[in-house]
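Subject: Structure for your review

Dear colleague,

Please find below the structure that I am handing over to you. I would be grateful if you would read the notes beneath it with the model open.

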Amino acid sequence: MDTTAMTIVGLNGSPRGAESRTRRLVQAVLDGAKERGAQTSLIDVCDLDIEYCTGCSVCYATGECIHDDDFGWVFDTMLDADGIVMGSPNYINGPTAQIKALIDRMADAIHCQQFTGKYGCAVATAGGSQADRVAAYLNEVLTILGATSVGAVDAVLGSDASSLPAAELQAHALGARLADAIITKEVIPEQDAIHRAMRERMQWLVRAHKDDWAHQYEVWEQKGWDALP
Ligand SMILES: Cc1cc2nc3c(=O)[nH]c(=O)nc-3n(C[C@H](O)[C@H](O)[C@H](O)COP(=O)(O)O)c2cc1C
């Protein structure tokens with residue numbers, strides 16, 4: 001691919017702005033990808049107005065959310081990107097509420113497997129433990145949206161800032177790996193199998209709700225249904 005056309009967006013779920021160690025890792029991933037020619041941008045999710053999903057299912061039927069907030073342009077930025085970097089600190093063994101609010105707004109995107117063909121990765125930091133659990137969750141979200149994850153950097157940093165540079169080096173290398181996967185359209189067989197199983201499940205679900213979920217049915221009509229058993 002023309003590497004100058006490659007775009008990667010990073011999402012930071014920490015509310016601590018410039019103080020955020022997670023943000024440093026997201027930025028390091030983007031810097032690594034930039035050296036491979038990617039155009040990059042970073043979004044601080046906590047600065048945005050992203051309402052909670054109400055579970056109303058209106059998006060399933062219409063493709064539109066009932067909320068008029070920042071979710072629309074953030075989601076469009078993700079849809080336009082070739083690569084997505086998800087980052088969050090560990091907040092009580094999970095991602096922050098702010099990035100979870102964003103994730104919960106993407107049930108329609110999961111049903112439609114809207115991130116098919118994209119690549120991603122995750123970074124997470126923690127004070128004492130379980131950064132790996134948060135990063136694994138963020139990567140799982142990317143995978144069930146249809147994207148291929150190329151890995152994670154999870155850093156347990158304590159209160160000592162001196163361990164951050166080593167994690168930043170890892171994140172920089174992960175960014176290069178992400179860009180290379182986009183350029184070569186890398187296929188990771190285990191994830192390919194998950195993607196096929198998700199497509200099958202989601203197509204079955206959308207067909208079963210054809211009368212109520214008109215938008216999702218229409219999306220699959222346009223994408224083309226797989227020949228399912
Ligand atoms: C509300 C809150 C909950 C946290 N929960 C955990 C936790 O369960 N386990 C842990 O190891 N660190 C926990 N931490 C520490 C953060 O994960 C850690 O300091 C992280 O690096 C902060 O990232 P940031 O600098 O990007 O904001 C918590 C911090 C806060 C403010």
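The notes that follow describe the sheet, the helices that pack on it and the surroundings of the ligand.

Please bear in mind that this is a predicted model.

The sheet

The model contains an open sheet of five strands, paired in parallel and arranged in the order β2-β1-β3-β4-β5. Strands β2 (39–44) and β5 (148–156) form the edges; each has a single partner strand, so one side of each is left without a neighbour in the sheet. On average, neighbouring strands are turned by 15° against each other, direction ignored. In general, strands of a sheet pair through backbone hydrogen bonds, either parallel or antiparallel. Here, β1 (residues 7–12) and β2 run parallel and are joined by six bridges. One position to look at is glycine 10, whose bridge partner in β2 is leucine 42.

The helices on the sheet

Helix α3 (residues 71–80) packs on the sheet and touches β1, β2 and β3 (83–89). The direction of α3 makes about 140° with that of β1. Helix α7 (residues 164–184) lies across β1, β3, β4 (119–126) and β5, and runs at about 175° to β5.

The ligand

Which residues come nearest to the ligand? Of the 15 residues around the ligand, these are Ser14, Arg16, Ser20, Thr22 and Gly128. The residues of this shell divide into four nonpolar, nine polar and two charged.

Three side chains deserve a separate entry, each given with the distance from one of its N or O atoms to an oxygen atom of the ligand:

- Serine 14: 2.6 Å
- Threonine 22: 2.7 Å
- Threonine 125: 2.7 Å

Taken alone, the ligand exposes 640 Å², of which the protein buries 72%. As for the elements that surround the ligand, α1 (21–34) and β4 are those that give two or more residues to the shell. Strand β4 thus appears twice in these notes: α7 lies across it, and it contributes to the shell around the ligand.

With kind regards

How values were computed: Residues numbered from 1 in each chain as written. Predicted model: local features only at pLDDT ≥ 70, side-chain atom pairs only at ≥ 80, totals over all residues. Heavy atoms only, no water. Pairing = 2+ DSSP bridges. Helix = DSSP H or I, 4+ residues; strand = E, 2+ residues; numbered from the N terminus. Axes fitted to C-alpha atoms, helices over the stretch in contact; angles between N-to-C directions. Contact = heavy atoms within 4.5 Å. Near = heavy atom within 4 Å. Polar contact = N/O pair within 3.5 Å; in protein donor to acceptor, adjacent residues only side chain to side chain. Areas by Shrake-Rupley, 256 points an atom, 1.4 Å probe, with all protein chains shown as cover. Nonpolar A, V, L, I, M, F, W, Y, C, P; charged D, E, K, R; others polar.
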